[in-house]
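Some labels in a structural description rest on cut-offs. The questions here ask what stands behind each label.

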Amino acid sequence: PTFTFFHEIEEDPIIDPFNDPSNTGIITETVRKHPNAFRSTAFRHSFAAIGRRARVITEVDPALSPFDLRSSFGVMLALNTQVLLLGMAYNTSSTSHHFAEWVCDVPYRHEIAREIKVRLKDGSIVEKTMMDYQPKPSEDGLYYGSRGCDFNRLGKMIEDRNLAGVTAIGNAVARRFAMRDLIDLAQTEAKTDYNIFRTAEGKSDCTTQLDYGITVSSPLITD
């Protein structure tokens, strides 16, 4: 995941898949810079990949929703991709959960069309329409309204069912699970409660606690 969140705050963003740095950590940035890596074109949710499946994962239509079943996420679901969270909990860090929200068609999020400029490899710029996936506006203006994001709920269910590998690498907790297991479980749970991805009403800070590891929150990032 070589996501580029900085384009969100730009008035006239120009997507440059060949030069935009990854905003998801040094490991993903190292993969992006690898001479054998391919990278998808996306407003925010681009992927870099190396290996025999790299082009299949990255050569997707950028006009699709980032979570469309024909997107990189959909291709990886078909390939039975394993997701690794290194030093991060599910909460706010597992974008595969946003993919699960899209698959479950939760009513509090929707697609938005964005007119985007893209810089091609030869330096020329073309205009494209890309779909984004965002929360619907809430009455209080908060990201998830009166509820908070709680991806740990499904994460704990996965761990309780022994569908995730959990260990420590240095002082970081590593969690690995199959994207397919997450999607299957989310679809089952969302049939009776589409808020499976969120906290209880009015309890935005009451997220599910995981059995392994300690979560340390950073101060609010304002820049």
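The questions and answers below concern a predicted model.

Q: What makes Arg44 and Glu8 a salt bridge?
A: The closest N and O atoms of Arg44 and Glu8 are 2.9 Å apart. The cut-off is a Lys or Arg side-chain nitrogen within 4 Å of a carboxyl oxygen of Asp or Glu, so the pair qualifies. Arg44 lies in the loop between strand 2 (38-39) and strand 3 (48-49), while Glu8 lies in the segment before strand 1, 36 residues apart.

Q: Why is Arg44 called buried?
A: Its relative accessible area is 8%. Buried means under 20%, so Arg44 falls in that class.

Q: Is Glu8 buried, exposed or partly exposed, and why?
A: Glu8 has 37% relative accessibility. Partly exposed covers the range between under 20% and over 50%, so Glu8 counts as partly exposed.

Q: What makes Asp16 and Arg119 a salt bridge?
A: The N to O distance between their side chains is 3.5 Å. That value is within 4 Å, so the pair meets the rule. Asp16 is in the loop between strand 1 and helix 1 (26-33) and Arg119 is in strand 5, so the salt bridge ties together parts that are 103 residues apart in sequence. Asp16, at 8% relative accessibility, is buried, whereas Arg119, at 29%, is partly exposed.

Q: How do you know that Asp160 and Lys156 form a salt bridge, and where do they lie?
A: Their side chains meet at 3.1 Å, N to O. The limit is 4 Å, so the pair counts. Both residues are in helix 5 (residues 152-160), four residues apart, about one turn of the helix. Asp160 is partly exposed at 46% relative accessible area, and Lys156 is partly exposed at 22%.

Q: How many salt bridges does this rule give, and which residues are joined into one network?
A: The count comes to 15. Glu8, Arg44, Arg114 and Asp132 are joined into one network by salt bridges that share partners.

Q: Why do strand 1 and strand 6 count as edges of the sheet?
A: The open sheet has three strands in the order 1-5-6, with mixed pairing. Strand 1 (14-15) and strand 6 (125-135) each have a single partner strand, so one side of each is left without a neighbour in the sheet.

Q: What makes strand 1 and strand 5 a pair?
A: Strand 1 and strand 5 (residues 109-119) are joined in the parallel sense over two bridges. Pairing requires at least two bridges, so the two strands meet the requirement. Ile15 stands opposite Val118 in strand 5.

Q: Which residues have the most contacts inside the largest nonpolar core?
A: They are Phe73, Tyr90, Phe99, Leu154, Phe177, Met179 and Phe197, in a core of 34 residues. Helix 6 (179-190) is among the elements that give two or more residues, and its six residues are the largest share. A second, separate core of five residues includes Ile15, Phe43, Ile116 and Val118.

Q: What makes up the nonpolar patch on the surface?
A: Ile26, Ile27, Leu84, Leu86 and Ile169 form the patch, with about 510 Å² of accessible area together. Helix 1 and strand 4 (82-86) each supply at least two of its residues. Ile169 is in strand 7 (residues 164-169).

Notes:
Residues are numbered from 1 along each chain as its sequence is written. This is a predicted model: local features need pLDDT of at least 70, side-chain atom pairs count only at pLDDT 80 or more; totals for chains, interfaces and linings use all residues. Side-chain values use heavy atoms; hydrogens and water are left out. Buried means under 20% relative accessible area, exposed over 50%, partly exposed in between (1.4 Å probe, protein chains only). Patches are made of residues with over 30% relative accessible area and no salt bridge: like charges are joined within 9 Å, nonpolar side chains (Val, Leu, Ile, Met, Phe, Trp, Tyr) within 5 Å. Accessible areas come from the Shrake-Rupley method with a 1.4 Å probe; for residues, only the protein chains shown count as cover. A nonpolar core is a set of buried Ala, Val, Leu, Ile, Met, Phe, Trp, Tyr and Cys residues joined through side-chain atoms within 4.5 Å.
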